[in-house]
Amino acid sequence: MATANEAIAFLQKTSDVSGGSVYDHLAAVVGKLLETKPEGAVDLLETTLLVKKTAFAPQATPVVKPTCQHPKDTAAAVSITELYNIPEPPIDPDTGEPEEIAPANEFETENLLADAAMFTSLGVGFSQSEWYSIMLTIKKLGEDPVKELKTVRFFGKMYGTRADYYLFEATLQNEPEAPEDAPEPDPNVMPPEDFGTGANAYTYFTCHQLGGPITKLPPVTPEQIKTAQKLKKFLVGDLTAEVSAYPPFPGVEANYLRAQIARIAASTVVCPAGFFIVGEDEITLEKDEEGYVPVEDVMEMKNAESWSHRYPHIKPQGRCVFWAPPPPEDEEALETYEEPTPEESPALLSTLDNDDPVLANPAWTALQSSGMTSVQYQVVGLRSNLWPGAIAVYSGKSFSNVYIGHGLKNERLLPPPPPAVNHEWQAPKDEEGNPTYMLSESTELPPPPPDPAAEGEEEED
C-alpha cells in the first residue's frame with residue numbers, strides 16, 4: 001500500500017504530451033465544482049473525467065515569429081535560400097512554357113571544404129555553414145554558361161563600413177572582346193597590362209551576399225595601382241561610390257578594390273618552394289610534376305624559405321612588366337634622349353625569407369594547429385604581417401591561400417603634401433615702381449560714381 005506522499009507524487013507526474021498532471025486536473029475539476037455547485041455533480045464529474053473535457057486546460061502559447069529588422073537581412077535570407085534550392089527554368093513570356101536551360105559550364109576549382117578544415121584548425125576563416133555557402137557560390141559562378149570560366153578560386157573577403165565583399169579569382173576560357181567605341185591608346189601614355197598577364201592575369205568577381213548578384217570587377221591600370229599605394233582608406237561597400245581621398249583616385253570604389261586585390265595578391269599568394277617552375281617564356285608557371293617532392297615533416301613549412309611567391313611582383317610604375325616610352329621622333333630631342341633603366345623587382349618564385357621586414361618585425365609569422373608534437377595530422381601556416389588577414393596553410397600534400405581583412409597595408413603612411421598655393425596676381429609696375437594696368441584700346445573704363453557732396457550743394461543753390 002502506497003503512502004500518502006507516494007500517492008501524491010505519483011499523481012503530480014506530468015504528461016509528456018499535454019504537459020499537465022492528474023493532480024492538477026483533479027484539483028481544477030473539484031475547484032470548479034465547488035465554485036459553481038451544479039446539480040448532479042457526481043454525473044458531471046464522471047463525464048468530465050472520462051472525456052477529459054474541462055475548461056481548465058492551459059492555453060496554447062502563441063508562436064512568436066521572428067521579424068526582419070532591416071531589408072538587407074531579407075535580401076541575405078532570400079539569396080541563401082535560392083543558393084540551396086534547385087534553380088527553376090525561366091518561363092517564356094510568349095508561350096508560357098519553361099525555357100530550355102543551357103548546360104552547365106565545366107570548370108576547375110580547389111577543394112574548398114578541405115581547405116576550410118585547414119584554416120579552421122588554425123583559427124582562421126568562417127563558420128562551417130558560411131564555408132559551405134561560399135562553396136555553393138563558387139559552383140554557381142563556375143557553372144554559369146554566360147561567363148565561360150575556366151578556373152575559380154575563393155580569394156577572400158574584404159570588410160567595408162556598410163557592406164562586405166566576397167572575392168573570387170577566375171580565369172576565362174576566351175579573351176573578352178574589346179568594346180567597339182574604345183579610344184585608341186596613346187603611345188606616350190603607360191598602358192595597362194594585357195588580359196591574362198601581369199596584374200591582369202586573373203579576372204575577379206565580387207558579391208555582397210553569398211548567393212546574390214555577382215559583379216565582375218574591371219581590369220586594373222598602372223595609374224590606379226600607383227595612386228592606391230599612396231592611400232590608406234577603408235572600403236565603403238558600394239562599387240559605384242567615389243573614393244574620397246587625396247591624391248584623387250582615378251576611378252570609383254570598384255577600381256580601388258581591384259587595385260588593392262592586385263597589391264595583396266602579388267605580396268601574399270604563395271606556394272611551397274619547388275611546387276612550380278618558371279616556363280620557357282619566363283612569365284608563366286608550370287607544375288613540377290616530376291621534380292617536386294612534398295615535405296613530409298610539416299614543421300619545416302613554418303620556415304619562410306620553404307615558401308615562394310606565386311604571383312609576379314608589381315614594380316613601382318604599377319606594372320609587373322617594365323614599360324619604356326617610345327623614343328621621341330624629333331631629331332634634336334633624340335640626341336638628348338636616354339633610355340630609361342628598367343625597375344628592379346624580386347624574381348618570380350622568390351622565397352619569403354627575402355621579403356623586407358615590416359616595422360622592424362619579420363614579414364611572416366608561423367602558425368600551427370597544435371603545440372603538441374605528438375599530434376599526427378598537424379597543420380601549419382604563415383600569416384602576413386605586411387597585409388594583416390593574408391594566410392597560407394599547408395597540410396601534407398595540400399596548401400591554400402586566403403585573405404580576410406580590411407584591405408589595409410601595415411605600414412607607416414606619409415600622405416603627400418597638398419599642391420602649392422598659387423600666388424596672388426601682381427600688377428605690372430613702371431620704372432618708378434608704381435603699378436600700371438595694361439588695357440586694350442577697346443577697353444573703356446566706366447564713369448566714376450557721382451559725388452554725393454557735390455549733388456547736395458547743387459540742390460541748395
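**A tour of the chain, stop by stop**

Select Asp164 to begin: this residue lies in the loop between β2 (149–158) and β3 (165–172). Helices (H or I, at least four residues) and strands (E, at least two) are DSSP runs, numbered from the N terminus. The model is a predicted one, where local features need pLDDT of at least 70 and side-chain atom pairs count only at pLDDT 80 or more, while totals for chains, interfaces and linings use all residues. Residues are numbered from 1 along each chain as its sequence is written, and side-chain values use heavy atoms, with hydrogens and water left out.

Stay on Asp164, which has a relative accessible area of 22% and is therefore partly exposed. Buried means under 20% relative accessible area, exposed over 50%, and partly exposed in between (1.4 Å probe, protein chains only). Now show what surrounds Asp164. Leaving aside neighbours within four places in sequence, Asp164 is in contact with Lys157, Met158, Tyr159, Cys207 and His208; contact means heavy atoms within 4.5 Å. Add Gly237 to the selection: Asp164 and Gly237 are 5.7 Å apart, C-alpha to C-alpha, with their positions 73 residues apart in sequence.

Next, select Asn255, in helix α8 (residues 253–268). Asn255 counts as buried because its relative accessibility is 14%. Outside the neighbours within four places in sequence, its contacts are Pro218, Gln224 and Phe249.

Move on to Asp281, in the loop between β7 (276–278) and β8 (285–287). Is Asp281 buried or partly exposed? Asp281 is partly exposed, because its relative accessible area is 42%. Add Glu280, Glu282 and Glu286, and you have a surface patch of negative charge together with Asp281. Patches are made of residues with over 30% relative accessible area and no salt bridge, like charges being joined within 9 Å and nonpolar side chains (Val, Leu, Ile, Met, Phe, Trp, Tyr) within 5 Å. A salt bridge is a side-chain nitrogen of Lys or Arg within 4 Å of a carboxyl oxygen of Asp or Glu.

The last residue to select is Ser306, in the loop between β8 and β9 (307–309). With a relative accessibility of 17%, Ser306 counts as buried. Setting aside neighbours within four places in sequence, Ser306 is in contact with Cys271, Pro272, Ala273, Glu300 and Met301.

Finally, zoom out to the whole chain. There are 10 helices and 13 strands. Of the 461 residues, 30% are buried. Among contacts between residues at least 6 apart in sequence, 60% join residues at least 24 apart.

How values were computed
Accessible areas come from the Shrake-Rupley method with a 1.4 Å probe; for residues, only the protein chains shown count as cover. Lys and Arg count as positive and Asp and Glu as negative; His and the chain ends are not counted. The place of a charge is taken as NZ of Lys, CZ of Arg, CG of Asp or CD of Glu.
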